[in-house]
Amino acid sequence: MSRPALIVCALFGSLLATQLFADQRPNILFVISDDQSWIDTSIAGSKTAATPNFDQIARRGAYFKNAISASPGCSPSRAALLTGRYPWMIEEAGTHASSFPQKYVVYPDLLENAGYFVGFTGKGWGPGNFKVSGRTRNPAGPAYQKRKLAKKPAAGISNNDYAANFADFLADRPDGAPFCFWFGAMEPHRPYQQGSGESAGKQLADATLPPFLPSADPIRGDLLDYCREIEWVDEQLGAMLKQLEASGDLENTIVVVTSDNGMPFPRAKANNYEYGIHMPLAIAWPAKIPAGQTIEEPVSLVDLAPTFLAAAGVAPAAESPMVGRNLLPRLTGEQAKLEGGVYSSRERHSSSRWNNLTYPQRSLRTEKYLLIRNFRPERWPAGAPQVYQKPDVLGPMHRGYHDIDGSPTLDWLVSHREEAEVAPLFHAAVDRRPVIELFDIQADPGCLHDLAEDPQHAEVRRKLETELNDYLAKTGDPRLGDSGDVWEAYPRYSPIREFPKPDWAK
């Protein structure tokens, strides 16, 4: 046979092998809600959020009892998830409403380059401006947003017909190509239609109150409205699973369901406390992952990108290495247990302080403890109490807490803050905090009993503080050195409020 003929045969054989391999690679359906704490699924014991489809994925594969977000805010959390890197490792993308440097490679691009068909519907990465960094599309992939609902189940719910947009994506999928789809629900992000939970048949008495919220009907109603939106996300997930079952793709599709950060209530979202960073997480892949698993040890959402790449047989980009772990050996039983803790961070969330300053936090979460380091304890964690309504006109006290989403719950806490039973919870949500906080999250998931100064926990504090600082140093966190204020310099592409200059500012 001639040399040209040999070359043609070799190329044909290579292409055929690649096609056969591609046919066997798993599809990926990634589902991420917007602002949902781990406790608000029925499998976790919620009486007010019925999530049969999330529960189904958990039972078909693995239910993670300690899944931790890389940040308690949506934009940095999503950027960390996409890159497999913690927020302090991705510059502007590690804070809220900034940009996303192109040098940090995201897993949808790597999969697309390897032959995957990629797309997203709903909320991808954001809020922020990805175009200023030279990106031509959302880091989650090409958008599928055309289909809209004829009628929304509640006013606060998006009119995006997520399941119909997923159907369009599947219809566009080339024959034989594996797919990677990101379903980013807008829910249960605020605002809610007040009373929508009760209209759906929920009872105020059944609302599950977090330990840091007082029992009051407006708060209970707010929680019911939140849970109604969680159920909507679960319904859309169910519709997508039916599509995969009908097409015969469900068996070889990795389905991952989680959230980006915690519930939009005081002392949860935008806080490195348990209700801000502890996420629901279920993963199923019937073709490879044994069903009925419960995984107790902590995992991070930065572990998902390297897991997806490993399942697809794709290497991470050498110029943008991932620090997340491949979870497949744990999921398939090759690895008995994951070792070590996981980390989270926060910088700027909303515009909530003078000069648009951040509230920098870093935390280490183990199976039993949560240690938090507050780098600027002189700053207000929820925002300064007063904000300018217009130039030189200050608004009333306690109306500047913009790192807490506006809500009936926040309004009620402010209005009732002087009542004896409410005052401690109000102050826990808005007051300044010490440099180090330590919580036993098994005994105190509400993170209300700080053990950092408890002599009986001195050794635990020392060990965890050392571990946190060592990891931050190893991974180059600017907050450990003189360059930490770079976080204040990153532009914000959302509205900026004006606050009075604090006494401690230079």
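**Notes on the predicted model**

1. Let's start with the annotation. An unreviewed UniProt entry gives "domain: Sulfatase N-terminal" for residues 26-314. In the model, the end C-alpha atoms of residues 26-314 sit 12 Å apart, and the span is 29% helix and 14% strand. Keep in mind that this is a predicted model, and that the annotation comes from the record.

2. On confidence: the chain has a mean pLDDT of 95, with 95% of its residues at 70 or more. Residues 1-22 are the stretch to treat with care, since the pLDDT there is below 50. Beyond near neighbours in sequence, residues 1-22 have seven contacts in the model.

3. Overall build: I see 14 helices and 16 strands in the chain. The radius of gyration is 23 Å, close to the 23 Å that the globule rule gives for 506 residues, so the chain is as compact as a globular protein of that length. Along its principal axes, the C-alpha trace spans about 90 × 55 × 50 Å. Of the 506 residues, 59% count as buried. Looking at contacts with a separation of 6 or more, 71% of them join residues 24 or more positions apart.

4. Which residues touch the most other members of the largest nonpolar core? They are Phe 30, Phe 64, Tyr 107, Leu 111, Trp 182, Ile 283 and Leu 331, out of 49 residues in that core. Helix H9 (residues 304-312) gives the most to this core, with six residues. Trp 182 is a good place to zoom in: leaving aside neighbours within four places in sequence, its contacts include Phe 30 and Tyr 107, both also on the list above. Trp 182 also contacts Ile 32, Gly 119, Phe 120, Thr 121 and Ala 140, among others.

5. Helix H3 (residues 74-83) is mostly covered, with ten of its ten residues buried. That takes in polar and charged positions such as Ser 75, Ser 77, Arg 78 and Thr 83, along with Cys 74 and Leu 81. The packing partners of the buried H3 residues are strand E1 (27-33), helix H4 (107-113), strand E5 (179-184) and H9. Trp 182 ties in here too, as its contacts include Arg 78, Leu 81 and Leu 82. Just after H3, Gly 84 takes a positive phi of about 70 degrees.

6. Now helix H2 (residues 52-60), where Asn 53, Phe 54, Asp 55, Ile 57 and Ala 58 are buried. Those buried residues pack against strand E2 (62-64), H7, strand E6 (253-259), E8 and strand E9 (293-295). From the E8 side, Ala 284 lies in that strand (residues 282-284) and counts as buried at 3% relative accessibility. Not counting residues up to four places away in sequence, Ala 284 touches Ile 57, Arg 60, Gly 61, Thr 253, Ile 254, Val 255 and Ile 289. For a sense of scale, the C-alpha atoms of Ala 284 and Pro 210 are separated by 29 Å, with these positions 74 residues apart along the chain numbering.

7. Is Asn 160 buried or exposed? It is buried, with a relative accessible area of 4%, and it lies in the loop between strand E4 (117-122) and helix H5 (162-172). The Asn 160 side chain makes a polar contact with the side chain of Gln 145 at 2.8 Å. Beyond four places in sequence, Asn 160 touches Thr 121, Gly 122, Gln 145, Arg 147, Lys 148, Leu 149 and Asn 165.

8. Gln 361 is another buried polar residue, with a relative accessible area of 0%, and is found in strand E12 (residues 361-365). What does its side chain reach at 3.4 Å? The partner is the backbone nitrogen of Asn 272. The wider surroundings of Gln 361 include Ala 270, Asn 271, Ser 344, Arg 346, Arg 373 and Arg 433.

9. Last, helix H11 (residues 408-415), where Thr 409, Leu 410, Trp 412, Leu 413 and Val 414 are buried. Their cover includes helix H7 (217-247) and helix H12 (423-430). H7 also turned up in point 6, among the elements that the buried residues of H2 pack against.

Key. Residues are numbered from 1 along each chain as its sequence is written. This is a predicted model: local features need pLDDT of at least 70, side-chain atom pairs count only at pLDDT 80 or more; totals for chains, interfaces and linings use all residues. Side-chain values use heavy atoms; hydrogens and water are left out. Helices (H or I, at least four residues) and strands (E, at least two) are DSSP runs, numbered from the N terminus. Buried means under 20% relative accessible area, exposed over 50%, partly exposed in between (1.4 Å probe, protein chains only). A polar contact is a pair of N or O atoms within 3.5 Å; within protein, one must be able to donate a hydrogen and the other to accept it, and residues adjacent in sequence count only if both atoms are side-chain atoms. Contact means heavy atoms within 4.5 Å. A nonpolar core is a set of buried Ala, Val, Leu, Ile, Met, Phe, Trp, Tyr and Cys residues joined through side-chain atoms within 4.5 Å. UniProt positions are given in the numbering used here, feature names are shortened, and annotations may be inferred rather than shown by experiment. pLDDT is the predictor's confidence in each residue, from 0 to 100. The radius of gyration is taken over C-alpha atoms; the globule rule is 2.2 Å times the number of residues to the power 0.38.
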